[in-house]
Amino acid sequence: RNIDGKAWTKVNPNCGSTSFVVPDLINGQEYFFRVRAENRFGVGPPAETIQRTTARDPIHPPDPPIKLRIGLVTKNTVSLTWKPPKNDGGAPVTHYNVECLRWDRTGEVKESWKQCNRRDVEETKFTVEDLVEGGEYEFRVKAVNIAGPSRPSATVGPLVVKDQTCPPSIELKEFMEVEEGTDVKIVAKIKGVPFPTLTWLKAPPKKPDEKSPVAYDQHVNKIVDENTCTLLIQQSRRNDTGLYTITAENNLGTASKEMRLNVLGRPGPPVGPIKFESILADKMTISWLPPLDDGGSKITNYVIEKKEANRKTWVTVTNEPKECIFTVPKLMEGHEYVFRIMAQNKYGIGEPLDSEPETARNLFTVPGPPDKPTVSSITRDSMTVNWEEPEHDGGSPITGYWLERKETTGKRWTRVNRDPIKPMTLGVSYKVTGLIEGSEYQFRVSAINAAGVGPPSMPSDPALARDPIAPPGPPIPKVTDWTKSSVDLEWTPPIKDGGSRVTGYIVEFKEEGKEEWERVEIRGTKFVVTGLKEGCFYKFRVRAVNAAGIGEPGEVTDIIEMKDRIVAPDINLDASVRDRIVVHAGGVIRIIAYVSGKPPPTVSWSRDEQALPEEAKVEETAISSSLVIRNCKRSHQGLYTLLAKNEGGERKKTIIVDVLDVPGPVGMPLLTENLTNDSCKLSWFTPEDDGGSPITNYIIEKRESDHRAWTPVTYTVTRQNATIQGLIQGKAYFFRIAAENIIGMGPFTETTQAILIRDPITVPDRPEDLEVKAVTKNSVTLTWNPPKYNGGSDITMYVLESRLIGKDKFHKVTKEKLLD
């Protein structure tokens, strides 16, 4: 029964022994228990526990604290920090004890460990005081719960107690961007002993050299703690934008860091005044300049509003303009208007810029007639009409022109353009198309301004629609090849065909020193001239022919000597091949090269200036040579060279081939250090072959010595050592390791011997083979063998105990140490 209840609950239906495990208890609840014996005559009276028993897991002292670190050291103090233990032993850690040990100058211990804290240390930091300046000390910390103190976590090696000094240094973010109204914290991490003096300066965004001290008030404040300095700006404003500089100074030097703060918000008002570019009875065109302050964000558009001068209500005209000019439509003639403009960005609409009152009215008339137009560039279906703007624009800029045409045999004028023709700086021209070949046309032009369309110009002189025809221009010939009795010619058509289609070509050639040209008429753009004399020199030219006649000749610039042509070898790699080829193992290495030259060159392949691998196959055609290696391996990589030779010389082409594969096996893993009751540290060597790609990861797997299944270690390893956590004390493990690159995982390398998991130093196992060798009336001679495992440390002594038969307690037999 629990201590709060009175009713007893039966735990078991029957129990044949004198012990029993009571299940289903509530953690933390206190209980009483009682037991009754039963025989065939019934159940006897109960025997009840005297003291209450609390249901809870067994409690042990906690593990040692971890990550013990030394902080600030002065001539008589040392600051320590640590982390709580990983395992609290089943009960919360209530406090910590800090101890120190002093060494003398010879390296011997001068004093024993002594506790430094007078009161319980509940935080994970403590400053040890009253130390001897120049003394050498070690420090350690123990965690304490209700079961007692843990094993200590100690610093490494003795520390000399003296004042630490170091110049100041600063860590600060370089840029920060916030929205207006946001609280801003500019945090600088500060280091320096003694702690430096800190100063904040600010410079305007566009004047970084004009720095001045930051003024602290309710809006801006400086907060300094143990290792940071924070500039706090509450409810940030646009004028907080700028370049902030923090300077740290102590007696060892000065350090500075800058950070640019950009506070984004609504833009300022546009720059005025608002100008009236044009004024009409029903519309006005207004312009303005962008705001000086865009709010730190691009201006997306402008909002334009209007109101009549004698009214108070503003009406939105538009919010679409992105440029600083807009024509306000639908005004009432004779009414006086006021306009206002506001810039907008993604953070909102800025303050307005107002205009002066202006009345909607016409200030000009229609323009006068342009001068008589002229006609040029006449073809069978088009003409280009040219004219100058009128002398009088009516007081308003010319915005366009209407162009009309008529046949000379007709009386009705027809408009040519659908939209007004835009005016130009030097005259205006317009190409009229869709004319009827053989018809005669006249043209006239009318100017347009804001007031309307002016009167038309005088008609142009009549012009007949027909194509002009002339002989074609010269072709562009070249010699592509030759032998001792023939020349291969090729040419491109003339740039100008004279207005008529080119119908054929005339190839002309003559022997040097002769006057007469020999001629051949053809239709294509290629021709082979044959029957030439060996050893003689010849000139060549080509003419184009159209309906207007034979055009000017295009000449070959060089004089050609009739002899067999020798061309040095040339090698061009296929588009699929580059100077470096990367192939995965098992793939195909394929190098295709196109070889040319006269006479045809002989070709040969080599790798690293040696013979090709046996697996390599060379495939030849009339114009190419290909090297193919299927199912390639890492051993096939190297520098491949193609050599082509003929009478004109030789040519080489080299290609680097990289074959990527998974890495080779790693070096044999070894247990190096840090063997504990739940972890061990392994080290290994990188593979001799990384597969042609850097090692990205090592994969570690483990298995218990009495199991066959391997289990992955669930974290990524990029170095050549790793600490394996989560092992079971007393278990023996095998480990295996494989390297991995971007291609995949290489083969595993397995440890040759199992590794037993236990603390490096523990109590030894029990001695073995204890025997009685001799007995007298008052003595016994005993012998034994050392334990199989010494706990990781040499056996220093044995303790011999004895007890009388019938007694429960053992007593030590000897006071002195017993050794082997």
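Helices (H or I, at least four residues) and strands (E, at least two) are DSSP runs, numbered from the N terminus. The model is predicted: local features need pLDDT of at least 70, side-chain atom pairs count only at pLDDT 80 or more, and totals for chains, interfaces and linings use all residues. Residues are numbered from 1 along each chain as its sequence is written, and side-chain values use heavy atoms, without hydrogens and water.

**View 1. Two spans that UniProt labels Fibronectin type-III (unreviewed entry).** Residues 471–565 are 48% strand and 0% helix. Their end C-alpha atoms lie 37 Å apart. For residues 270–363, strand makes up 50% and helix 0%. Here the end C-alpha atoms are separated by 28 Å. Both spans are among those listed under this label in the record, in the numbering used here, with shortened feature names and annotations that may be inferred rather than shown by experiment.

**View 2. Two spans that UniProt labels Ig-like (unreviewed entry).** The record places this label at residues 167–262 and 569–656. Residues 167–262 are 61% strand and 0% helix, with end C-alpha atoms 31 Å apart. Residues 569–656 are 60% strand and 0% helix, with end C-alpha atoms 21 Å apart.

**View 3. The largest nonpolar core has 22 residues.** Such a core is a set of buried Ala, Val, Leu, Ile, Met, Phe, Trp, Tyr and Cys residues joined through side-chain atoms within 4.5 Å. I170, I186, W200, Y244, I246 and L261 have the most contacts inside the core. Elements giving two or more residues to this core include β18 (184–193), β19 (197–203) and β23 (242–250). Y244 touches I186, W200, L231 and L261, among others, not counting residues up to four places away in sequence; contact means heavy atoms within 4.5 Å. A second, separate core of 20 residues includes A593, L642, A644 and V657.

**View 4. S457 and S460 share the loop between β40 and β41.** S460 is buried at 1% relative accessibility (buried is under 20% relative accessible area, exposed over 50%, partly exposed in between; 1.4 Å probe, protein chains only). Beyond four places in sequence, S460 touches K372, P373, V375, Q442 and F443. S457 is buried too, at 6%. Outside the same sequence window, the contacts of S457 include P369, P373, R444 and V445.

**View 5. G438 sits in the loop between β38 (428–433) and β39 (440–449).** G438 touches L464 and A465, leaving aside residues up to four places away in sequence. The C-alpha atoms of G438 and S236 are separated by 79 Å. Along the chain, G438 and S236 are 202 residues apart.

**View 6. D481 and K598 meet in one salt bridge of the 27 in the structure.** A salt bridge is a side-chain nitrogen of Lys or Arg within 4 Å of a carboxyl oxygen of Asp or Glu. The N to O distance for D481 and K598 is 2.3 Å. D481 lies in β42 (476–482) and K598 in β53 (589–598), so the pair ties together parts 117 residues apart in sequence. D481 is buried at 16%. K598 is partly exposed at 29%.

**View 7. E750 pairs with R703 in a salt bridge.** The N to O distance is 3.7 Å. E750 is in strand β65 and R703 in strand β61, 47 residues apart. E750 is partly exposed at 34%, whereas R703 is buried at 16%. Elsewhere, salt bridges that share partners join E508, R519, R541 and R543 into one network.
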